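Okay, my turn at the screen. Let me pull up the model and walk you through a few spots in it.

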Amino acid sequence: MSDDKAGQPGSGTARKHTALPKAQILIEALPWLTRHNGKVVVIKFGGNAMIDEDLKAAFAQDVVFLRQAGLKPVVVHGGGPQINAQLDKQGLVSEFKAGLRVTTPEAMDVVRMVLAGQVQRELVGLLNQHGPLAVGMTGEDAHTITATRHTPEIDGEFVDIGRVGEITAIDTGAIEALLADGRIPVISSIARSADDHHVYNVNADTAAAALAAALGAETLMVLTDVEGLYADWPSSDEVISRLTVSELEKLLPELSSGMVPKMEGCLHAVRGGVSTARVIDGRVPHSILLEIFTDEGIGTMVVPDAQPDTQPNAQGGEPA
């Protein structure tokens, strides 16, 4: 007789199932699927994940997985590399002050065209390869984001940097209607001003945080090009896996300019009622799933100062 009957009742041998690790992975995700079911997750899409084809495809798969697993993902995106490339093509200079892009009316036309007409459309297309799910919109649509002109203070003086906006109001009605219909909103970070009715360029990290707070999201996730927030950069590459808003406030003055809007966004979101805010490495394929659905988690998680005992007791770890 051949071993075809191995694993049948009475054979004394259990068939070795090569797919068993897949089942173990799914079981590990179960507590997190239960916890996040029906909850809003706001994801800021940026960094290398926006320009690497494989990472873009993996990101789209992650977002669709969240939606099919019962979560309500909302994607907010910027488009720095694409904007720079288009400005160069048109012979317009990319200038930055106080970490923000100086945005002339001509540059604003390019920003609007690239964000709403290029980056957003590509992302919507990638998501919709998996079904009629994603709907693109901008902060202008249905007054979702309203802004006023932002004039940063540099060396004691307020400086005009053009069409750069500071968020003054959020209206979540259109986003909530899309979520109720089972759609995935994909939002470009531009806004219209109620003062002068001009369109403004809004930092995407700031926009994602404001939307997360207004939507009462469970989680804000910010994709970056680093592993997370480093404990003592550049002396050490040890990543801080978890910190409270008070701990983060103390660290803010020491952070590099690129991390400031991301960590300020996390701070704003958690202070605004979002349960957790996470900065994760967008260079890692499927980093969103690794962060939300595994015990280890990756990146840096920001939590409120007072955590109930039922919350995770470590980065991504099992509930206490």
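Glu-264 is partly exposed, with a relative accessible area of 43%; for the whole talk, buried is under 20% relative accessible area, exposed is over 50%, and partly exposed is in between, using a 1.4 Å probe and protein chains only. Glu-264 sits in helix H8. Helices here are DSSP runs of H or I with at least four residues, strands are E runs of at least two, and both are numbered from the N terminus. Going by C-alpha atoms, Glu-264 is 8.5 Å from Asp-205, and the two are 59 residues apart along the chain.

Quick housekeeping. This is a predicted model, so local features need pLDDT of at least 70 and side-chain atom pairs count only at pLDDT 80 or more, while totals for chains, interfaces and linings use all residues. Residues are numbered from 1 along each chain as its sequence is written, and side-chain values use heavy atoms, with hydrogens and water left out.

Back to Asp-205, which takes us to the largest pocket. That pocket holds about 1,300 Å³ of space. Of its 46 lining residues, the ones closest to the centre are Gly-99, Leu-100, Asn-203, Asp-205 and Pro-261. You'll want the recipe: on a 1 Å grid over the protein atoms alone, a pocket is an open set of points where a 1.4 Å probe fits, with protein on both sides within 12 Å along at least five of seven lines, and lining residues have an atom within 4 Å of a point. Points are joined across faces, edges and corners, and the volume is the space filled by probe spheres set on them.

Which elements give two or more residues to that lining? They are helix H3 (80-89), strand S4 (100-101), strand S9 (165-170), helix H6 (204-215), strand S13 (219-224) and helix H8 (260-271). H8 gives the largest share, 6 residues. By class, the lining has 20 nonpolar, 19 polar and 7 charged residues; nonpolar is Ala, Val, Leu, Ile, Met, Phe, Trp, Tyr, Cys and Pro, charged is Asp, Glu, Lys and Arg, and polar is the others, Gly among them.

Okay, aromatics. There are 2 aromatic pairs in the structure. Rings of Phe, Tyr and Trp (its six-membered ring) pair if their centres lie within 6.5 Å, with planes under 30 degrees apart called stacked, over 60 edge-to-face, and the rest tilted. Phe-45 and Phe-59 are stacked, at 4.1 Å centre to centre and 25° between the planes. Phe-45 is in strand S1 (residues 40-45) and Phe-59 in helix H2 (residues 53-68), so this pair ties together parts 14 residues apart in sequence. Both of those rings belong to buried residues.

The other pair is Phe-65 with Phe-293: the centres are 5.9 Å apart and the planes are at 65°, so we call it edge-to-face. Here Phe-65 comes from helix H2 and Phe-293 from helix H9 (residues 287-293), so the parts tied together are 228 residues apart in sequence. Phe-65 is partly exposed at 39% relative accessible area, whereas Phe-293 is buried at 6%.

Staying by S1 for a second: Gly-46 is in the loop between S1 and H2. Is Gly-46 buried or exposed? It's buried, at 1% relative accessibility. Its C-alpha is 7.9 Å from that of Val-222, with their positions 176 residues apart in sequence.

Next, Glu-122 in helix H4 (residues 105-127). Glu-122 is partly exposed, at 34%. Leaving out residues up to four places away in sequence, Glu-122 touches Glu-53 and Lys-56, where contact means heavy atoms within 4.5 Å.

Now two backbone oddities for the torsion fans. His-143 has a phi near 55°, positive in a residue other than glycine. His-143 is in the loop between strand S5 (134-138) and strand S6 (145-149), and is exposed at 59%. His-286 also has a positive phi, about 60°, without being a glycine. His-286 is in the loop between strand S15 (276-281) and H9, and is partly exposed at 32%.

Last, the zoomed-out view. The protein has 9 helices and 16 strands, and 46% of its 320 residues count as buried. Among contacts with a separation of 6 or more, 69% join residues 24 or more positions apart.
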